[in-house]
4 protein chains.
Amino acid sequence: MPAFEDLIDGYRRFRLGSYREQRERYDQLAQGQSPKIMVIACSDSRVDPTRVFDASPGQLFVLRNIANLVPPYSAISGQSSVAAALEYAVTGIHVHHIVIFGHARCGGVSAALAGDFDNPVAGKHVHAWMEFIAPARDAVKAACQLSPDIDAQRALELANIRLGLENLRSYPFVADAVAKGTVKLHGVLFDIAEGVLKILDAKTGQFEPVKVDL
Amino acid sequence: MPAFEDLIDGYRRFRLGSYREQRERYDQLAQGQSPKIMVIACSDSRVDPTRVFDASPGQLFVLRNIANLVPPYSAISGQSSVAAALEYAVTGIHVHHIVIFGHARCGGVSAALAGDFDNPVAGKHVHAWMEFIAPARDAVKAACQLSPDIDAQRALELANIRLGLENLRSYPFVADAVAKGTVKLHGVLFDIAEGVLKILDAKTGQFEPVKVDL
Amino acid sequence: MPAFEDLIDGYRRFRLGSYREQRERYDQLAQGQSPKIMVIACSDSRVDPTRVFDASPGQLFVLRNIANLVPPYSAISGQSSVAAALEYAVTGIHVHHIVIFGHARCGGVSAALAGDFDNPVAGKHVHAWMEFIAPARDAVKAACQLSPDIDAQRALELANIRLGLENLRSYPFVADAVAKGTVKLHGVLFDIAEGVLKILDAKTGQFEPVKVDL
Amino acid sequence: MPAFEDLIDGYRRFRLGSYREQRERYDQLAQGQSPKIMVIACSDSRVDPTRVFDASPGQLFVLRNIANLVPPYSAISGQSSVAAALEYAVTGIHVHHIVIFGHARCGGVSAALAGDFDNPVAGKHVHAWMEFIAPARDAVKAACQLSPDIDAQRALELANIRLGLENLRSYPFVADAVAKGTVKLHGVLFDIAEGVLKILDAKTGQFEPVKVDL
């Protein structure tokens, strides 16, 4: 099991490296967490939010699922990982920001477009999960009928973030906190091939790239 | 919004630092992911698996929810983040290992024991979510009746991992892959205060600490 | 014998350092001791009470034995180190507090659980000594039958402190002093790995961590 | 309870001071102790071995009782703190040195001479305990008959150390280790008023002061 051994070796590097170097920080964190930011990210192995945001221990409360989805409040069942994490973040640890962190080349989005997981045997759980973005997917597909050169994958990745932000506001405790100004919502997309991070700009209503002095 | 600005500053450090340094690796990853390990971790800001395992980009497919839970297959509703992620990991990207990564001082476990979230208004979603570990919680509580100094929190954190491993096997495609030997299941717990990682040892049936030469 | 030479070198540092700096204090102490606190601690090299409580010369009257045990009064033989030290502390130098100072990772407690010292040749004296905590050990072992992930070591370390406090009250002169309010009993546990000190709280009946502003 | 509050304040100083400064050392020690020296010292508040030997965490395995006594092996009862600690030190953690650390102005020795604790009600446990040095006490008392200017207190403090060394050799596992050369026995006396440490010299057969460049 070399892959698992690699994981344990990684722990040893951490223990002897950054854990040791930041021992006091970890001693403080052992007494409790108080992150100011919740990030909702994809499970994809290439877009770890800790890495992309060069985050410190204790900085980010992170929910990760396939395609960084937020189901609408009306659709969640009794036991929802997203509802529980949002509730804990907003009413328990009182984060100030909720960030939906999408990414380019998302396998979930790609599958939703291609119908890869429509196979009722092999992929029924991914299929069911991706149905939460059906409104966005259908809009993008309709647009493609009109304009064949649309990059449907990219369009749906962005539309998925917009839909997630809309769905966030359907949770009563999120809507309350946003109304009170104690929580802000943000949508961002990272493109691994280009190294670009785009933020949905409230003024322009568009995803705008973050400037970096290269 | 200084916290959000910090996040963007972190992205700039990443873009100018490790992204640039590992540009070839990211170019390869842009073509697709093939992680060998799926990690199921808690959303807690202090126990990021990327950091604790000093993981590389592309190494870990990560699901994060409150208390690193795996509901039993019989209990999942039609649209389950856990079922979708497991299905994608096992049948889509063919990971070799699934690791349940628990941690000490878990707020979800603590709440499950204390009943903090039994408030039907403020905490109903966390409460509902944590009900997935009811069998483990009840066994630990019964043990506490016999010996008042039991560390119920730690006992339940470990029992939750065992229960998660048992529940993993209830998913037909996981059970098949385990039976074929293509997937191995692992349970580990990290204690932030001590810096110790413990692995559930198949031989001893106990959680044993990973040796590190300090 | 480098280890012994180190010890003598340590004395020279003391003689030229803190002894010289606190010469007046030592001159006063040469006339007699009047500590207000008796500490019953383990012989373990890692949990010196003088160090952990940053104590001054003359502050603590200290009994140290394996696992900071207090046998019940009914079980002591004619010549007991614990009975003698308690009697001297309470009726001779009139301490105001008796503190049972347990610690995590205690080898004596570990051995009592594992039966390591059941070997009748090599370990009979440790074995016999640790039998004083048999009631606490048996309760913890029964609890472990219900929940395999109980940290039996930690549970027994704490139960041992509770048992010691109960046993302290079995000494007539201690019971008298406690009844008169001239002596208070305390139970504390130190965890070397976490740096945390826990005190048995009379109100909650639980061991509660001492707050430290890290 | 100001004295107890002082104790807790002392812990806070330790936690924020030397514990923090030596965090790595404590992390290592959390994995186990391997002291090379066992010290048998008095409970007296003025002669803490950690302080007098400026010892490091993990350096000394310490037994403390009234008058740093070692009963003869033939006299110990079934459950002896001294036998247990010696056995653990010699056969469990394999110390290289056992040091009997006596001190001037010892209340136990003083009482043994004065018969202060012969009162069968108030002091019977100290009395019983100090009977272990009866042979030394009787020899010193006989000498005083012959020479009225003998400092009986000092003479008995030293004789007690010699008797303790003799009694150490009566424990079979100590005798074996001494015969094999794996353990060395030492007797030292500290005088708090003078700041002098004397070591029983194997060559001269006398207690010789350690030289310090004042």
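**Two matching chains and a set of strands**

Let's begin with chains A and B of this predicted model: a rotation of 180 degrees, with 0.0 Å of shift along its axis, superposes chain B on chain A with an RMSD of 0.2 Å (a least-squares fit on the C-alpha atoms of residues with pLDDT of at least 70 in both copies). The two copies are thus related as by a two-fold rotation axis. In chain B, Arg64(B) has the C-alpha nearest that axis, 2.3 Å away. Both copies use the same surface: 99% of the contact residues of chain B recur in chain A, where contact means heavy atoms within 4.5 Å.

A word on conventions: residues are numbered from 1 along each chain as its sequence is written, and chains are lettered from A in the order in which they are written. Local features need pLDDT of at least 70, side-chain atom pairs count only at pLDDT 80 or more, totals for chains, interfaces and linings use all residues, and side-chain values use heavy atoms, without hydrogens and water.

Now turn to chain C and its strand 5, residues 196–200 (strands are DSSP runs of E, at least two residues, numbered from the N terminus). Leu197(C) and Ile199(C) point to one face and are buried, meaning under 20% relative accessible area with a 1.4 Å probe, protein chains only. Val196(C), Lys198(C) and Leu200(C) point to the other face and are not buried.

Strand 5 of chain C pairs antiparallel with strand 4 (residues 184–191) of chain C over four bridges; pairing requires at least two DSSP bridges. Here Asp191(C) stands opposite Val196(C). In the hairpin of these two strands, Gly195(C) takes a positive phi near 75 degrees.

Key:
Buried < 20%, exposed > 50% of the residue type's maximum accessible area, 1.4 Å probe, protein only.
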